[in-house]
Amino acid sequence: MLRLKPKQLSFHSLLYDKIPENHILKRIDSVVDFSFINELLKGSYCKEFGRPAKEPEMMCKLLFLQHLYNLSDERVIEEASINLAYLYFIGLNPEDALPDKSLLSKFRTHRLEESTLDEIITEIVRQCVEKGIIEGGSVSIDTTHIQATTIKKTPERLMKHLGKKIIKTYTEETGKTLEDIPEAPAYKEIEDHKEAKAEMKEYLETVIDKVNENLSANEQKTKEAINKAKEILDAPKFINQKGVRSLIAEDARVGYKSKNHNYFGYKTEFAMTTDERIITCVRTANGAYTDGNHTKEMLEQTKKAGIRIDEVYADKAYFRKPILDDIKEINAKAYIPVSESVYRIDESEFTYNKDSDQWQCSQGNITEKRRHFKSKKDKKETYKYYFEINQCKACPIHDKCCKRSSRKILNVGLNTPEFYEISQYQKTEEFKEKYKKRASIEGKNAELKRFHGLYRARGYGLLSVSIQSKLAAIAVKIKRIAAKVSSFFILFFKKPIFSRANLGF
């Protein structure tokens, strides 16, 4: 049951006078009103039955403190019990009892949803816009990787564990011992990796067949273990080591930070205001996630908070036609470097005139016509530009340039002419100067990882990591808000220190 009666202040609350006015938690409390959290989560509680629950606002503030100072569940409760600033921030009297550490985990897993955290992020940003903390109209988007809490395993090792799990589950559920089950092959002694995988796959399939022969209709747990093993085994990416690599963290995947540097875990993508460096939206995916797939919804959530988006900054991983179109759709300008993977024109050899829709080569020859082609094999669409045949024949480098035909044919993607114009603009000093602003998001990446625990997942599974990412984002956001608040701003918006609203009830 959600507590309905307001809590009275005690005489001991005078101790809060000892907290300096410029303390980060007092600054945050002076600007951000967290009382909306109780209303946001009231649907998760019964109004009339059960024992009075701890206020959602207080529980959320404990989680914010946990990620602000990178503490465990146990440690944040321990610190809050002796730290006046913590107690002041979460809205308790100094003598009040704190919730048990186990309640933090229960609240995080049973009460908080991803959508709820999104609403909290949006409301805090909206308050910043309302109070003038956020004034600019530029947004930066980037991703950062998060290591899983477990190591990645080879398919051979996973298949061995799956076989053992099926046997163990059957034995515990039926009380019987399976006969004629072969020993798991010593796959580590097999030099050929493909042969080792084939041996282990055959072993696991044998275990599944033997257990199925002895199953009755009542062994549901064993059936679930078998179905899980089949699901993993039948996935086309599994044997190629691109799918499941851990039975504990099934959502984690292998991702790449560079061609030669990979990691096992997850990716968190976030948007932030470029000038104020306040995070406006967070999305989390597995480590194999392609940057930019959530761009449209992230921009929409940012706008929902009341931010006017005029500019969008990102690295070249975001230089894709759908993303550029999404940015254009909201009447914003994209500051994203051209990616060589989607724009492959050698500009030292070819230039483009958009007015006449013609390409010119380094020798001055010009295209005379264009044709549209669609591949029957992969349905890929391209343009073929044909250079004027007489000019090519008279060209001094004809034999070198036109090896298979009498004239040069330039094959380009449908978006290449548009990308050429973007490429030309990015060579200007205006773009280079503007793009320097994007560097601010790299510092935010480092801050999240170094000081707020986002370098490694705290739990298992995508949902757990997503909640961790959003709580860490809220922590760095309110920290940044505190840094942005001037002494005049604190004075103007300051609430009475001992008011009920300040205590969160």
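**Exercise 1. Contacts of Phe 34**

Task: In this predicted model, which residues is Phe 34 in contact with, leaving aside its neighbours within four places in sequence?

Solution: Start at Phe 34 and look for heavy atoms within 4.5 Å. Once neighbours within four places in sequence are set aside, the list reads Ile 28, Glu 57, Lys 61, Phe 64, Phe 89, Ile 124 and Ile 478. Now step back to the surroundings: Phe 34 belongs to the largest nonpolar core, which has 102 residues. Phe 34 is among those with the most contacts inside that core, along with Phe 64, Ile 90, Ile 120, Ile 124 and Ile 481. As for who supplies this core, helix 18 (residues 462-484) gives the largest share, 11 residues. There is also a second, separate core of 22 residues, including Leu 158, Ala 196, Met 200 and Leu 204. As background, nonpolar side chains in soluble globular proteins tend to be buried together.

**Exercise 2. A hairpin**

Task: How many residues lie between strand 2 and strand 3 in their hairpin, and which residue of strand 3 stands opposite Arg 253?

Solution: First find strand 2 at residues 253-258 and strand 3 at residues 261-273. The hairpin they form has two residues between the strands. Next, check the direction: the two strands run antiparallel and are joined by five bridges. Finally, go to Arg 253 and look across to strand 3, where Gly 265 stands opposite.

**Exercise 3. The largest pocket**

Task: Which lining residues lie nearest the centre of the largest pocket, and which element gives the most to its lining?

Solution: Begin with the space itself, about 680 Å³. Around the pocket are 23 lining residues, and Tyr 256, Lys 257, Lys 267, Asp 291 and Ala 317 lie nearest the centre. Then sort by element: strand 1 (138-147), strand 2, strand 3 and helix 17 (440-451) each give two or more residues to the lining. Strand 1 gives the most, with four residues.

**Exercise 4. A cavity**

Task: What is the volume of the second largest cavity, and which residues line it?

Solution: The count comes to two cavities of 30 Å³ or more, and the second largest has a volume of about 30 Å³. Its lining consists of Thr 268, Phe 270, Ile 279, Val 282, Leu 448, Leu 454, Ser 469 and Ala 473. Strand 3, strand 4 (279-286) and helix 18 each give two or more of these residues.

**Exercise 5. Domains**

Task: What distance separates the centres of domain 1 and domain 3?

Solution: Locate domain 1 at 13-112 and domain 3 at 155-234. Taken over C-alpha atoms, their centres are separated by 47 Å.

Methods. Residues are numbered from 1 along each chain as its sequence is written. This is a predicted model: local features need pLDDT of at least 70, side-chain atom pairs count only at pLDDT 80 or more; totals for chains, interfaces and linings use all residues. Side-chain values use heavy atoms; hydrogens and water are left out. Domain bounds come from an automatic or database domain assignment. Two strands pair if DSSP finds at least two bridges between them. A nonpolar core is a set of buried Ala, Val, Leu, Ile, Met, Phe, Trp, Tyr and Cys residues joined through side-chain atoms within 4.5 Å. Buried means under 20% relative accessible area, exposed over 50%, partly exposed in between (1.4 Å probe, protein chains only). On a 1 Å grid over the protein atoms alone, a cavity is a set of points where a 1.4 Å probe fits but cannot get out, and a pocket is an open set with protein on both sides within 12 Å along at least five of seven lines; lining residues have an atom within 4 Å of a point. Grid points are joined across faces, edges and corners, and a volume is the space filled by probe spheres set on the points.
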